[in-house]
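User: Please explain the terms used for this model by setting each value against its definition.

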Number of protein chains: 2
Amino acid sequence: MEYKEAKEKFISTWGSLGTLWGINKAMAQIQSLLFISIKPLSMEEIMEELKISRGNTSMNLRQLMDWGIVTKELIPGERKEFFTTEKDVQELARHIAKERSRREIKPVLKVLKEVSSINDDGTEKTKELIKQTKALHDLADTADSLLNKVANQEQNWVTKSLLKLFK
Amino acid sequence: MEYKEAKEKFISTWGSLGTLWGINKAMAQIQSLLFISIKPLSMEEIMEELKISRGNTSMNLRQLMDWGIVTKELIPGERKEFFTTEKDVQELARHIAKERSRREIKPVLKVLKEVSSINDDGTEKTKELIKQTKALHDLADTADSLLNKVANQEQNWVTKSLLKLFK
DNA sequence: ATAAACTTTCAATAATTATTGAAAGTTTAG
DNA sequence: CTAAACTTTCAATAATTATTGAAAGTTTAT
């Protein structure tokens with residue numbers, strides 16, 4: 001396999017995985033492209049490489065910046081803006097963990113708490129609803145606290161600990 | 001908040017979270033409904049409760065069974081089929097962890113391995129592609145082995161260990 | 001001040017994904 | 001055997017989501 005083919009394979013695979021961590025295809029592909037690029041890329045270059053429109057590129061770059069995994073780079077003497085992504089996979093994972101917790105898990109925890117706190121009217125179905133949503137709340141809460149611990153640890157610390165624990 | 005409102009809130013919230021673990025809305029809602037039901041439900045009852053068509057219900061129940069989190073229940077004397085979901089959240093988490101590993105992470109690991117194994121032609125960009133995809137492979141591999149460990153542990157073991165580790 | 005270089009916005013459109021519903025298929029009872 | 005009860009399939013359609021492209025907005029150089 002040659003460079004070009006490998007690169008395309010990587011971008012398309014990692015891109016399609018994007019949906020797994022809750023971002024769309026273009027967003028994931030832009031991040032992938034930056035992730036293996038040896039220098040910051042301009043909007044023009046990104047559009048060209050991925051064959052996507054200017055508007056699409058602009059919007060998705062913005063979202064990536066909102067996620068905290070892409071940053072603008074100002075290159076002296078250049079008028080246009082350049083972009084880079086976090087290159088360290090551990091850091092990348094930390095950012096993503098933190099964002100997913102904030103955007104997805106936290107709001108769900110809130111609802112589960114509300115639902116599991118309804119007044120127990122003594123009927124079997126109410127008891128079941130309370131019991132099950134409580135159990136789900138506790139599970140989600142555990143998962144979330146794990147995720148946040150991951151997000152706040154030093155690089156490698158987590159990986160080392162987990163591997164030791166589970167080896 | 002009354003039972004009915006709480007139930008609807010739970011189904012719609014947990015349902016919309018479905019996309020997080022890679023299943024569609026109807027599928028997630030059916031699972032939610034079964035999760036808080038005090039008895040197995042027939043297709044008719046599910047259609048009625050969620051206001052979805054027979055075809056939709058049938059297809060999504062099938063998918064839930066493929067995921068291993070819903071099972072057919074045969075009730076003596078009844079002609080129609082009834083369905084239940086795994087009620088234990090730990091078991092549910094184990095099933096989901098296992099399936100996601102198999103369906104999503106494993107295939108990606110394979111591609112990452114292929115891409116990171118291309119011939120090093122000595123150019124900087126090739127070196128970068130190899131380095132970055134290797135790092136991603138290792139991260140994904142760690143995540144996957146963690147997920148699989150979770151999927152194979154005794155109930156509660158994982159939660160307890162993790163809480164101890166991260167308390 | 002203004003023109004060139006560049007980015008953002010957003011209504012229109014395209015692409016994708018989910019849902020319906022009715023026909024075909026299957027199972028069971030009599 | 002066959003009619004009734006039930007489930008599955010799948011082409012058509014609807015709903016949702018992503019993408020485009022051109023106009024509007026912004027910044028910088030002169």
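Analyst: The turns below treat the symmetry, the chain interface and the surface near the DNA.
This is a predicted model, in which local features need pLDDT of at least 70, side-chain atom pairs count only at pLDDT 80 or more, and totals for chains, interfaces and linings use all residues. Residues are numbered from 1 along each chain as its sequence is written, while chains are lettered from A and ligands numbered from 1 in the order in which they are written.

User: What makes the relation between chain B and chain A that of a two-fold axis?

Analyst: Copies are superposed by least squares on the C-alpha atoms of residues with pLDDT of at least 70 in both. Chain B falls on chain A after a rotation of 180 degrees with 0.0 Å of shift along its axis, at RMSD 0.0 Å. The relation is therefore that of a two-fold axis.

User: How do you know that the same surface serves both copies?

Analyst: Contact requires C-beta atoms, placed from the backbone, within 7 Å. By that criterion, 42 residues of chain B are in contact with 42 residues of chain A. In chain A, 100% of the contact residues of chain B recur.

User: Which residues come nearest to DNA strand D, and what makes a residue near?

Analyst: A residue is near a strand if its C-beta atom, placed from the backbone, lies within 6 Å of it. Around DNA strand D there are 17 residues, of which A:Asn24, A:Ala26, A:Ser53, A:Gly55 and B:Gly55 come nearest.

Technical notes: Two residues are in contact if their C-beta atoms, placed from the backbone, lie within 7 Å.
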